[in-house]
Amino acid sequence: RTEDGRPDMNAPVPKTADGRPDLSGTWVPEGARGSLFDESKILGWARDAMAEAARRYYADDPRFHCLPSGPSSYPAGASVGGMRRIVQHPEFIAVLNPDMTYRQIFMDGRELEEEPVLPTWMGYSVGRWDGDTLVVESNGYNDKTWLTREGLPHTEQLRITERYTRLDYGHMALEITYEDPGTFSEPVQATVDLVLRPDG
């Protein structure tokens with residue numbers, strides 16, 4: 001804390017007992033950018049679906065029907081479901097979302113299943129450490145969710161890789177790669193700036 005009692009957002013990265021960066025806490029996105037938002041990389045059927053979503057004022061957004069947001073929360077802003085609480089344990093990491101959904105990221109060394117038995121709203125995730133960066137690979141998503149709040153759909157071929165790097169006490173960089181040959185002409189990326197809300 002600083003002399004006035006406020007959290008020192010620029011303090012060093014906290015560590016867990018095993019020496020890993022501690023990613024625990026409530027994180028709020030402050031902007032997303034990248035080729036995920038470049039419509040030239042999106043196949044025609046998906047662009048048409050986005051146009052239809054806009055025409056209908058996004059009434060089919062899953063969250064408006066009390067359904068899980070799925071991967072659309074990854075690059076979303078805080079006011080539209082992007083805030084998340086990360087709970088870190090050596091064997092798994094849980095991500096708790098404002099829409100009452102959660103993700104389990106298995107950290108026990110298992111490989112990502114090439115063909116998950118059943119597609120789900122939140123997908124199936126495994127994680128590993130690459131130095132001080134947490135790398136999360138996910139697949140097994142159903143096609144009932146969007147990738148962005150602008151109604152970008154996806155297919156069940158979707159595979160996502162996230163890289164979480166805590167920069168200091170109050171800031172974390174999230175780099176996301178999306179691979180879905182049914183939706184994109186090539187893999188696309190998004191970068192999200194996450195800010196800790198320590199007293200929230």
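A residue counts as buried when its relative accessible area is under 20%, as exposed when that area is over 50%, and as partly exposed in between. The model described here is predicted. With a relative accessibility of 41%, Asp60 is partly exposed because this value falls between the two cut-offs. Arg56 has a relative accessibility of 36% and is likewise partly exposed. The side chains of Asp60 and Arg56 form a salt bridge, with an N to O distance of 3.0 Å.

Side chains of opposite charge can pair when their charged atoms come close. In this model the number of salt bridges comes to 14. One of them joins the side chains of Asp4 and Arg6, with 3.7 Å from N to O. Asp4 has a relative accessible area of 53%, so this residue is exposed. Arg6 is exposed as well, with a relative accessible area of 59%.

Another salt bridge is formed by Asp130 and Arg163, whose closest N and O atoms are 3.2 Å apart. This pair links distant parts of the chain, since Asp130 belongs to strand S5 (residues 124-130) and Arg163 to strand S7 (residues 159-168), with the two positions 33 residues apart in the numbering. Asp130 has a relative accessibility of 39% and counts as partly exposed. Arg163, at 30%, also counts as partly exposed.

Asp61 lies in the loop between helix H1 (44-55) and strand S2 (84-88). The relative accessible area of Asp61 is 2%, which means that the residue is buried, the cut-off being under 20%. A polar contact of 3.0 Å connects the side chain of Asp61 with the side chain of Arg63. Asp61, Arg63 and Arg149 are linked in a network of salt bridges. When neighbours within four places in sequence are left aside, Asp61 is in contact with Trp146 and Arg149.

Ser69 is also placed in the loop between H1 and S2. This serine is buried, with a relative accessible area of 4%. Apart from neighbours within four places in sequence, the contacts of Ser69 are Arg63, Asp99, Thr145, Trp146 and Arg149. Trp146 and Arg149 therefore appear in the contact lists of both Asp61 and Ser69, where a contact means heavy atoms within 4.5 Å.

Asp48 is located in helix H1. The relative accessible area of Asp48 is 56%, so the residue is exposed. In sequence, Asp48 and Leu152 are 104 residues apart, while their C-alpha atoms are 9.5 Å apart in space.

Backbone angles were also examined. Most residues other than glycine have a negative phi. Cys66 is not a glycine, yet its phi is positive, at about 60°. Cys66 is found in the loop between H1 and S2, and at 76% relative accessibility this cysteine counts as exposed. Asp61 and Ser69, by contrast, are buried in that loop, at 2% and 4%. Met100, again a residue other than glycine, has a positive phi near 75°. The loop between strand S3 (92-96) and strand S4 (102-106) holds Met100. Met100 is exposed, with a relative accessible area of 74%.

The last feature concerns empty space inside the model. Rolling a probe the size of a water molecule over the atoms shows where empty space is left. The structure contains one cavity of 30 Å³ or more. The largest cavity holds about 50 Å³ of space. The residues that line the largest cavity are Ser73, Tyr74, Arg84, Val95, Asn97, Arg103, Glu162 and Tyr164. Sorted by class, this lining consists of three nonpolar, two polar and three charged residues. The charged residues are Arg84, Arg103 and Glu162, because Arg and Glu are both counted in that class. Tyr74, Val95 and Tyr164 make up the nonpolar part, because Tyr and Val are counted as nonpolar. Ser73 and Asn97 are the polar residues of the lining, because neither Ser nor Asn is among the types counted as nonpolar or charged.

Definitions and conventions
Residues numbered from 1 in each chain as written. Predicted model: local features only at pLDDT ≥ 70, side-chain atom pairs only at ≥ 80, totals over all residues. Heavy atoms only, no water. Buried < 20%, exposed > 50% of the residue type's maximum accessible area, 1.4 Å probe, protein only. Polar contact = N/O pair within 3.5 Å; in protein donor to acceptor, adjacent residues only side chain to side chain. 1 Å grid on protein atoms, 1.4 Å probe; cavity = no way out; pocket = protein on both sides within 12 Å on 5 of 7 lines; lining within 4 Å. Points joined across faces, edges and corners; volume = space filled by probe spheres on them. Salt bridge = Lys/Arg side-chain N within 4 Å of Asp/Glu carboxyl O.
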